[in-house]
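Student: I have a structure open and would like to learn how to read its strands, sheet and helices. Could you walk me through it?

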Amino acid sequence: MLLKSIPKVDRFITNIAFEGLAKSLITKISKEKISNLRENILQNKILSFDENLLIKDVIDEYKNITSSSLKPLINATGIIVHTNLGRSLLHKETLEKAFNIATSYNNLEYDLQKGQRGERYEHITKSLKELLDCEDALVVNNNASAVFLILNTFCKNKEVVVSRGELVEIGGSFRVPEVMNQSGAILKEIGTTNKTHLRDYENAICEKTSMLMKVHKSNYEIVGFSSEVKFEDISNLAKQHNLIDYYDMGSGHIDELPYGLGKNEPSIKELMKQNPSLLSFSGDKLLGSVQAGIIIGKKELISKIKKNQLLRMLRVDKITLALLEESINLYLKNELDKIPTLKMLNTSIEMLENRAKKVQKSLENILKTEVLNTNTLVGGGTTPNRKIPTVALSLEFKDFKANKIEKILRDNLIISRIENDKVLLDFRTILEEDLEKLENILKEIFKNG
Ligand SMILES: *Cc1c(COP(=O)(O)O)cnc(C)c1O
C-alpha cells in the first residue's frame, strides 16, 4: 500500500519546489532518497510517508552539497599561525590588487617591451631582490616543494650533510629524512640528538659531498645539555670547501620580531648578510602572505634550479604570484599593519585588554566572564616554545564542562582554547573587525542562561 504511494522519480522532480535548481543534481538526490525510502518501507522501518517532507529533504541535501565546505571562522585560540585554521590571513586590499590579475588577461609570461614570451617568475623576483638584496629568487608551491626541488637539483646521488638534531617531522607527515630520500639525495647524518659541533660537519665532508644543510627545528626545542651549529659557521665551512650551503628556514621572518622572539632566530635579512648559497622559507608562516615556497640566493644556483623539469610540477599560479608580490610590496612600503600575521603579533597588551573588557561589558547581563593575562604561542612551526603575552576572556559556567562549552562555540564557528579546565577566548587572534560578530554570537548562544 505504502509502496504504491511513493512517487516515480520522473514525476517527482517536476515538482514546482525544484524550479531553478539544477535538474541533474535534483534527479540524482531524488533517486537516492526514493530508493532509500522503498528499502525502509520493505523492511517495515517506515510506516507513513509524506511527499512534502521528501521534497524538503531533497532540497536540504541539495543545499548541503552545493554550499561551500570551507567556512570563515573566529580563531579564539590565540595561536596566530594556526596550521589547522589556514595559517596566515591576507588583508582585503592585498586581495583586491590580485583580483584584477585573476579576472583579466595579464603579462604573466609576456614581455610587454619586446612583445614576446616573457618569464613567469620575473615579476616576483624583482620585488624580492629589492627587499632582500638577493642575487636571484624563485617561488614554488610551498616550502616543502622548495626543499625537495633544491635537494633534487643539487644532491641527487650525492651526499648532503645534516645534523641528527635537525631531522625533524613537521606535521602533515613532512619528515625531513624521508623528503631527502625521495629527492634522490644521500643523507649524511652527523652529531647526536642533542649535540652537533662544527667539527662533525668538517669530518663528514668527502668527495661525494655536495651540500651542507641546516633545517629549522620548527616545532620542537632541545633544552638542557645541547648545542647546534649556527648557519653562519656552516656557511663559512661550505665556502672553504666549495660546497653549497643551504638553510631550510621553515618559517622565516623578514625583519625583527617583538617579545624577543628573534633571539636565536636570525631574520632573512640578517642571514643574507652572510651571502649564503641558498635559503628557503614559507610564504604563509611568519612572512604573512600566501602559500608558497620562496627560494633566494646565488643567481648561478637558482638558474640551475630553473632548468630542473620538476619546477613545472611545482610551479605557482598567477594568483599566488600576484598576492605574494602585493605582500612583498607592503614590506617595501613598510605598511606592515596590512600584514595580519604581523599586526596580530604586534598588537599591544593594552589594546587586547580594551577589547576583552569591551566584550565582557557587552555580555555582563548574560554571562560571567573574567579577563585574564596569560600566554600564547605564535604556532605554525615558528619560534618553537616561545611564549608571548596575551589577554583572554575566561567563560565561567557552574554546570557545564569546559569541553561541552568548547563544542557549543565550535558549532557556532568560534574556535576557543581550554586552559586549566577553563574555556578561553584569546584576543591575540580575534580580529578587531570580528568583535561585534563575536559579541552577537555569544549573546545568541547564552541568552537563555
Ligand atoms: C613548515 C616547514 C616546511 C614546510 O613548509 P610548507 O610551506 O608547509 O610546505 C619545511 N621545512 C621547515 C623547517 C618548516 O618549518
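Tutor: Happy to! Let's begin with strand β5, which is mostly covered: five of its five residues are buried. Buried means under 20% relative accessible area, exposed means over 50%, and partly exposed lies in between (1.4 Å probe, protein chains only). Helices (H or I, at least four residues) and strands (E, at least two) are DSSP runs, numbered from the N terminus.

Student: Before we go on, what kind of model is this, and how are residues numbered?

Tutor: This is a predicted model, where local features need pLDDT of at least 70 and side-chain atom pairs count only at pLDDT 80 or more, while totals for chains, interfaces and linings use all residues. Residues are numbered from 1 along each chain as its sequence is written, and side-chain values use heavy atoms, with hydrogens and water left out.

Student: Which way do the residues of β5 point?

Tutor: Glu159, Val161 and Ser163 point one way, Val160 and Val162 the other, and all are buried.

Student: Which strands does β5 pair with, and in what sense?

Tutor: Two strands pair if DSSP finds at least two bridges between them. β5 (residues 159-163) pairs with β7 (residues 209-215) in the parallel sense over three bridges, and there Glu159 stands opposite Thr209. Five bridges join β5 to β6, and these two strands also run parallel; Val162 has Glu189 of β6 as its bridge partner.

Student: What is the strand order of the sheet?

Tutor: The order is β4-β10-β9-β8-β7-β5-β6, an open sheet of seven strands with mixed pairing. β4 (136-140) and β6 (186-190) each have a single partner strand, so one side of each edge strand lacks a neighbour in the sheet.

Student: Now for helices. Why can one side of a helix share a direction?

Tutor: An α-helix has 3.6 residues a turn, so residues three or four places apart point the same way. Take α16 (residues 349-362): Ile349, Leu352, Arg355, Ala356 and Val359 are buried. They lie on the same side of α16 because they cover an arc of only 125° around the axis, the arc being that of the directions from the helix axis to the C-beta atoms.

Student: Which exposed residues sit on the face turned away, and what covers the buried ones?

Tutor: The face turned away from the buried side carries the exposed residues Glu350, Asn354 and Lys361. The cover over the buried residues of α16 includes β11 (368-377), β12 (387-396) and α18 (435-446), with contact meaning heavy atoms within 4.5 Å.
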